[in-house]
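Q: Hi! I have a structure open and would love some help reading it. Could we go through it together?

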Amino acid sequence: MSAVSSARATDEGVSPDNPAPLIDPPRARTAKTPRATRTNFELYGWIFMRLSGIVLVVLVIGHLLIQLVLDGGVSKVSFAFVAGRWASPFWMAWDLIMLWLAMLHGANGLRTIINDYAQRDGTRFWLKMLLYTATVFTVLLGTLVIFTFDPNIR
């Protein structure tokens, strides 16, 4: 095919005289396929990132709007302010959901970055173990603080 006819073919698009290139179908999953690629975990992680991001935008903007604009700003935030907020199950649930979603959203994003950039399997494994440990520790400690907060502490 000459340069003129190939340029004309791209201008004309796909036709019986100029068929589209064939693309091989994806490989079918078999018993020999690595376990990590036999599930739809990455799809679920992708969907979680989108949904949790939307919910986090609402939670965080609501939190900032209420704390900084409607309740008088940062100067009003004190131990007594937090004690008054967390006396209500609604605000405890709000902060708990915000904590859990933010930590899981961030951990999932960092997991993706580790998978993309860590080249050696051992490095990838230890970085993810460190990430998972820090995430579990922070979620458990934050949850413990929210549920065991004592406004009468001295």
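Q: To start, how much area does the chain expose, and what share of it do carbon and sulfur atoms supply?
A: Happy to help! Keep in mind that this is a predicted model. The chain exposes about 12,000 Å², and 69% of that comes from carbon and sulfur atoms.

Q: OK, and how many helices and strands are there in the chain?
A: The chain has five helices and zero strands. Going along the sequence, you would write the pattern as α-α-α-α-α.

Q: What percentage of the residues count as buried?
A: Of the chain's 154 residues, 25% count as buried.

Q: And how much of the contacts comes from residues 24 or more positions apart?
A: Taking the contacts with a separation of 6 or more, 66% of them are between residues at least 24 positions apart.

Q: Let's pick one helix. What span should helix 5 have, and what does the model show?
A: Helix 5 covers residues 121–148, which is 28 residues. At 1.5 Å a residue it should span 40 Å, and its end C-alpha atoms are 40 Å apart, so the two agree.

Q: Which residues of helix 5 are buried?
A: They are Arg124, Lys128, Leu131, Thr135, Val139, Gly142, Thr143 and Ile146. These buried residues pack against helix 4, residues 89–117.

Q: Many of those numbers go up in threes and fours. Why would residues three or four places apart point the same way?
A: An α-helix has 3.6 residues a turn, so residues spaced three or four places apart point the same way.

Q: Can we zoom in on Thr135? What does it touch?
A: Leaving out residues up to four places away in sequence, Thr135 touches Met103, Leu104 and Ala107. Thr135 itself sits in helix 5, and its relative accessibility of 9% makes it buried.

Q: Switching to charges: how many salt bridges does a search of the whole structure find?
A: The search finds two. Side chains of opposite charge can pair when their charged atoms come close. In one bridge, Glu42 pairs with Arg111, with their closest N and O atoms 2.9 Å apart. This pair links distant parts of the chain, since Glu42 is in helix 2 and Arg111 is in helix 4, 69 residues apart.

Q: Are those two partners buried or exposed?
A: Arg111 is buried, at 5% relative accessible area. Glu42, at 45%, is partly exposed.

Q: What about Arg124 and Asp121?
A: Their side chains meet in a salt bridge, at 2.8 Å from N to O. Both residues are in helix 5, three residues apart, about one turn of the helix. Arg124 is buried with a relative accessible area of 19%, while Asp121 is exposed with 59%.

Q: Is 19% for Arg124 buried or partly exposed?
A: Buried means under 20% relative accessible area, so Arg124 at 19% counts as buried.

Q: Now the rings! How many aromatic pairs does the structure hold?
A: The structure holds six aromatic pairs. One of them is Trp86 with Phe149: the ring centres are 5.2 Å apart and the planes stand at 90°, so the pair is edge-to-face.

Q: Where do Trp86 and Phe149 lie?
A: Trp86 is in the loop between helix 3 and helix 4, and Phe149 is in the segment after helix 5, so the pair ties together parts that are 63 residues apart in sequence. Trp86 is buried at 17% relative accessible area, and Phe149 is partly exposed at 24%. Together with Phe79, they form one aromatic cluster.

Q: What else brings residues far apart in sequence together in space? Say, Ala80 and Pro151?
A: Ala80 and Pro151 are 71 residues apart in sequence, yet their C-alpha atoms are 7.5 Å apart in space. Ala80 belongs to helix 3, residues 79–85, and is exposed, with 56% relative accessible area.

Q: Last topic: which residues make the nonpolar surface patch?
A: Val60, Leu64, Leu65, Leu68, Val69, Leu70 and Val74 make it, and the patch is about 630 Å². One of them, Leu68, lies in helix 2, residues 41–70. Leu68 counts as partly exposed, at 39% relative accessibility.

Technical notes:
Residues are numbered from 1 along each chain as its sequence is written. This is a predicted model: local features need pLDDT of at least 70, side-chain atom pairs count only at pLDDT 80 or more; totals for chains, interfaces and linings use all residues. Side-chain values use heavy atoms; hydrogens and water are left out. Patches are made of residues with over 30% relative accessible area and no salt bridge: like charges are joined within 9 Å, nonpolar side chains (Val, Leu, Ile, Met, Phe, Trp, Tyr) within 5 Å. Accessible areas come from the Shrake-Rupley method with a 1.4 Å probe; for residues, only the protein chains shown count as cover. A salt bridge is a side-chain nitrogen of Lys or Arg within 4 Å of a carboxyl oxygen of Asp or Glu. Helices (H or I, at least four residues) and strands (E, at least two) are DSSP runs, numbered from the N terminus. Buried means under 20% relative accessible area, exposed over 50%, partly exposed in between (1.4 Å probe, protein chains only). The expected span of a helix is 1.5 Å times one less than its number of residues. Contact means heavy atoms within 4.5 Å. Rings of Phe, Tyr and Trp (its six-membered ring) pair if their centres lie within 6.5 Å; planes under 30 degrees apart count as stacked, over 60 as edge-to-face and the rest as tilted.
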